[in-house]
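Subject: Structure for your review

Dear colleague,

Please find below the structure that I am handing over to you. My notes on what was found in it follow directly after.

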Amino acid sequence: MEAMIREMHALVARHADTPPHARLPLRVSQSATPTPPTYALYEPMLCFVLQGAKRVILGERILDYRAGQFLVASVDLPVIGEVVEASAAQPYRVVAMALDPAAIAALLIDLPSAGAEEAHPGISIAAMTPDLIDPLLRMTRLLDAPGDVAVMAPMLEREILYRVLQGPQGPILRQIARSDSRLSRVQRAIDWIRGHYAEPLRIEHLATLAGMSASAFHRRFKTVTAMSPLAFQKQIRLREARRRLIAAPAEAARIAYAVGYESPSQFSREYARLFGLPPIRDAARLRGGGALADA
């Protein structure tokens with residue numbers, strides 16, 4: 001297992017700064033220093049840490065994961081992430097693989113059905129095993145063999161997914177693949193919020209989209225995202241406002257209305273609460289290469 005990890009280290013070091021192959025569902029990166037908190041939108045993925053450690057904050061949840069562990073993100077989630085353990089001698093190194101619901105669904109056809117569906121948070125962490133590291137290494141080797149990607153990548157993706165499905169994170173992957181699962185129904189609501197963040201949010205409408213009662217939907221949404229639907233919408237609004245402010249820092253009031261706020265003063269208060277500075281000052285910091293950034 002250690003030899004496989006060492007080989008992946010070399011592959012990540014060699015390819016961390018090169019553009020990813022379009023048909024390879026794998027991304028590698030490294031950092032020689034700890035990083036400041038970065039605001040990001042995690043899409044469904046597996047994230048395998050080879051060295052160092054990272055912290056992810058989702059709502060009120062704080063998760064640390066480090067070498068020998070992997071993170072599963074099951075739905076689109078606004079998070080704050082920071083590398084907390086890295087150095088020039090031992091850089092933080094990670095291999096990430098996007099999760100394709102269709103690929104998981106195709107694999108489930110050949111597997112026995114699972115038991116009753118349970119509630120799971122949108123992000124969780126598990127330990128890597130030799131059975132999982134082996135196909136991950138072979139997938140990572142394709143970075144050196146782009147001509148093999150078209151044939152080998154789908155087979156290795158299937159094997160990696162199979163190994164995860166056989167472990168403690170298997171129930172989460174099953175829910176990602178099933179269009180009728182509670183997780184997939186929460187994802188429908190998330191998709192609506194992301195596409196209509198500037199519109200008033202009505203729990204009854206989102207519950208109907210998810211096919212649940214309002215109370216069940218609110219409970220399930222908070223289990224998955226660690227925040228209420230309204231708090232989730234606020235995060236999406238403020239992150240979009242921040243993105244726009246970098247390009248037009250003098251138009252804070254107009255941007256506030258554009259992302260759905262009725263009061264620029266309320267927008268400024270909530271923006272400062274999330275990002276640490278009022279809109280115009282934060283935009284100036286970002287334009288000058290300040291500490292907090294969006295991914």
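In these notes a residue is called buried when its relative accessible area is under 20%. Please bear in mind throughout that this is a predicted model.

Helix α3

By that criterion, the buried residues of helix α3 are L132, I133, P135, L136, L137, M139 and T140. The elements that cover these residues include α1 (2-15), β1, β3, β6, β8 and α4. The length of α3 (residues 130-141) is as expected: at 1.5 Å a residue its twelve residues should span 16 Å, and its end C-alpha atoms are indeed 16 Å apart.

The five-stranded sheet

Several of the strands that cover α3 also belong to an open sheet of five strands, ordered β1-β8-β3-β6-β9 with antiparallel pairing. At its edges are β1 (26-31) and β9 (123-127), each of which pairs on one side only. From one strand to the next, the twist averages 20 degrees. Strand β1 runs antiparallel to β8 (residues 92-98), and six bridges join the two; within this pairing, Q30 has R93 in β8 as its bridge partner. Helix α4 (residues 149-165) lies across β3 (45-51), β6 (69-73) and β8, and its direction makes an angle of about 100 degrees with β8.

Strand β7 and its partners

Strand β7 (residues 77-85) is largely enclosed by the rest of the structure, because seven of its nine residues are buried. Five bridges pair β7 with β2 in the antiparallel sense, and here Y39 has I80 of β7 as its bridge partner. Strand β4 (residues 53-58) also pairs with β7 in the antiparallel sense, over five bridges. In that case, the bridge partner of A53 is E85 in β7.

Aromatic pairs

How many aromatic pairs does a search of the whole structure find? The search finds seven. One of them is formed by Y39 and F275, whose rings are edge-to-face, 4.8 Å apart centre to centre and with 75 degrees between the planes. Y39 lies in strand β2 (residues 38-42) and F275 in helix α11 (residues 264-275), so this pair ties together parts that are 236 residues apart in sequence. Both partners count as buried: Y39 has a relative accessibility of 4%, and F275 has one of 1%. Y39 thus has two roles to note here, as bridge partner of I80 and as ring partner of F275.

Ring pairs also link Y39 and F275 with Y261, F267 and Y271 into a cluster. A charged group accompanies one ring of this cluster: the charged end of R237 sits over the ring of Y261, 5.7 Å from its centre.

The loop at A67

A final note concerns A67, which is placed in the loop between β5 (61-66) and β6. Is A67 buried or partly exposed? With a relative accessible area of 40%, A67 is partly exposed. Although A67 and Q51 are 16 residues apart in sequence, their C-alpha atoms are 4.5 Å apart in space. Apart from its neighbours within four places in sequence, A67 is in contact with V49, L50, Q51 and G52.

Yours sincerely

Conventions: Residues numbered from 1 in each chain as written. Predicted model: local features only at pLDDT ≥ 70, side-chain atom pairs only at ≥ 80, totals over all residues. Heavy atoms only, no water. Phe/Tyr/Trp six-rings, centres within 6.5 Å; stacked < 30°, edge-to-face > 60°. Helix = DSSP H or I, 4+ residues; strand = E, 2+ residues; numbered from the N terminus. Buried < 20%, exposed > 50% of the residue type's maximum accessible area, 1.4 Å probe, protein only. Lys NZ or Arg CZ within 6 Å of the ring centre and 35° of its normal. Pairing = 2+ DSSP bridges. Axes fitted to C-alpha atoms, helices over the stretch in contact; angles between N-to-C directions. Contact = heavy atoms within 4.5 Å. Expected span 1.5 Å × (residues − 1).
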